[in-house]
Amino acid sequence: MGLQPRQQAMIKATPFDFPYDGRLVPQNTALLVIDLQEDFLSPTGYFARKGYDPAPLRAILPAVNRLIKGARAAGLTVIHTRQGYRADMADMTPYEKWRRKRAGLDGTDILLRSSPGFQIVADIEVAAQDIVVDKTCNGAFTYTDLELVLRARGITHLLFTGCTTDVCVHTTLREACDRNFQCLTIADACASGDQKAHDAALHMVTVEDGVFGALTVTEAVITALSRLAGAAN
């Protein structure tokens, strides 16, 4: 039995309900979990060393876990991203090496793929069927196979969670919009160490009638995913 009426599967959002055409199909939808790694969430990781409080990032973990569980039950693809460089730093440009030195990271393994900090925090369950995309840049599409994976699976709709709202989440969101993916940012499942930047990044999604898609909250997504899961049973 399909969903009747079609709007039943839509997600309440601003400035329009998602997706715009009412066609929320699990097989064509992925939940993106951006960079929930030890280096960003740990009190001894990169983020904390730069003087930011990782507490707001850790605060979203329960919401993200609810979304992951709901996404799996409804048949969505779950994709995790991790940011970091090769252990030998062969993929790091002179400018990136300069920034690393300026940040006081010389001689450390922070933001290197060989380090414990590169791993996704233990609070987030990464299942065998999930996809993990490793990246060096803020955007998850740059120099990765993310787009190839999405196109191969017929995925056209993306739900955004993770950190940080203003940097890696927003950069990936903008890249996705330019590639004509339908995008939904889940406000309370994203976080930043800078509240003003977080608020501004969320506001930017909705300007110009949704220039970067739509904005919603976890509860609205869970409600829609529950309906999808129920319809599939």
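Student: Which strands does α7 lie across, and at what angle does α7 run to β4?

Tutor: Bear in mind that this is a predicted model. Helix α7 lies across β1 (29-34), β2, β3, β4 and β5. As for its direction relative to β4, the angle is about 165°.

Student: Which residues of α7 are buried, and what do they pack against?

Tutor: The buried set includes T165, C168 and V169, together with H170, T172, L173, E175, A176 and C177. These buried residues pack against strands and a helix: β1, β2, β3, β4, β5 and α8.

Student: What span should the 14 residues of α7 have, and how far apart are its end C-alpha atoms?

Tutor: At 1.5 Å a residue, α7 should span 20 Å. That agrees with the model, where its end C-alpha atoms are 18 Å apart. Following the helix comes N180, with a positive phi near 70°. So, for the span of α7, the expected value is 20 Å and the end-to-end value is 18 Å.

Student: Let's turn to the sheet. What is the order of its 6 strands, and which are the edge strands?

Tutor: The sheet is open, with parallel pairing, and its order is β3-β2-β1-β4-β5-β6. An edge strand here pairs on one side only, and the two that do so are β3 and β6.

Student: By how much are neighbouring strands of this sheet turned against each other on average?

Tutor: Picture again the open sheet of 6 strands with parallel pairing. Ignoring direction, the average turn between neighbouring strands is 25°.

Student: Which side chains of β3 (residues 131-135) are buried?

Tutor: In a regular strand the side chains alternate between the two faces of the sheet. Strand β3 shows this alternation: V132 and D134 point to one face and are not buried. On the other face are the buried ones, I131, V133 and K135.

Student: Over how many bridges do β2 and β3 pair, and which residue of β3 is the bridge partner of R82?

Tutor: Strand β2 (residues 77-83) pairs with β3 in the parallel sense, over 5 bridges. One of the residues with a partner in β3 is R82, and that partner is D134.

Student: How many of the 10 residues of β5 are buried, and which of its residues stands opposite G162?

Tutor: Strand β4 (residues 157-163) and β5 pair in the parallel sense over 6 bridges. F160 has T185 as its bridge partner in β5. Strand β5 is largely enclosed by the rest of the structure, because 8 of its 10 residues are buried. The residue of β5 opposite G162 is C190.

Student: Where is the kink in α8, and how big is its angle in degrees?

Tutor: Helix α8 covers residues 195-210, and its 16 residues should span 22 Å at 1.5 Å a residue. Its end C-alpha atoms are 21 Å apart, which agrees. The kink is centred on H203, with an angle of about 30°.

Student: What do the buried residues of α8 pack against, and which residue caps its N-terminal end?

Tutor: The buried residues of α8 are H198, A201, L202, V205, V207 and G210. They pack against α7 (165-178), β5 (182-191) and β6 (214-216). The helix lies across β5 and β6, running at about 160° to β5. At its N-terminal end, a side-chain oxygen lies 3.1 Å from the backbone nitrogen of K196, and the capping residue is D194.

Student: Is M204 buried or partly exposed, and which residues is M204 in contact with?

Tutor: M204 is found in helix α8. Its relative accessibility is 30%, so M204 counts as partly exposed. Leaving aside neighbours within four places in sequence, its contacts are H170, R174, V211 and F212.

Student: Which residues of α4 (residues 61-74) are buried, and how far apart are its ends?

Tutor: Among the buried residues are L61, A63, V64 and L67, and the list also holds I68, G70, A71 and A74. For its 14 residues, the expected span at 1.5 Å a residue is 20 Å. The end C-alpha atoms agree with this, at a separation of 20 Å.

Student: Where is G75, and which residues does G75 touch?

Tutor: G75 sits in the loop between α4 and β2, taking a positive phi of about 95° just after α4. With a relative accessible area of 40%, G75 is partly exposed. The C-alpha atoms of G75 and Q27 are separated by 6.5 Å, though the two are 48 residues apart along the chain. Not counting residues up to four places away in sequence, G75 touches P26 and Q27.

Methods. Residues numbered from 1 in each chain as written. Predicted model: local features only at pLDDT ≥ 70, side-chain atom pairs only at ≥ 80, totals over all residues. Heavy atoms only, no water. Helix = DSSP H or I, 4+ residues; strand = E, 2+ residues; numbered from the N terminus. Expected span 1.5 Å × (residues − 1). Bend = angle between axes of the 7 residues up to and from the residue. Buried < 20%, exposed > 50% of the residue type's maximum accessible area, 1.4 Å probe, protein only. Contact = heavy atoms within 4.5 Å. Polar contact = N/O pair within 3.5 Å; in protein donor to acceptor, adjacent residues only side chain to side chain. Pairing = 2+ DSSP bridges. Axes fitted to C-alpha atoms, helices over the stretch in contact; angles between N-to-C directions.
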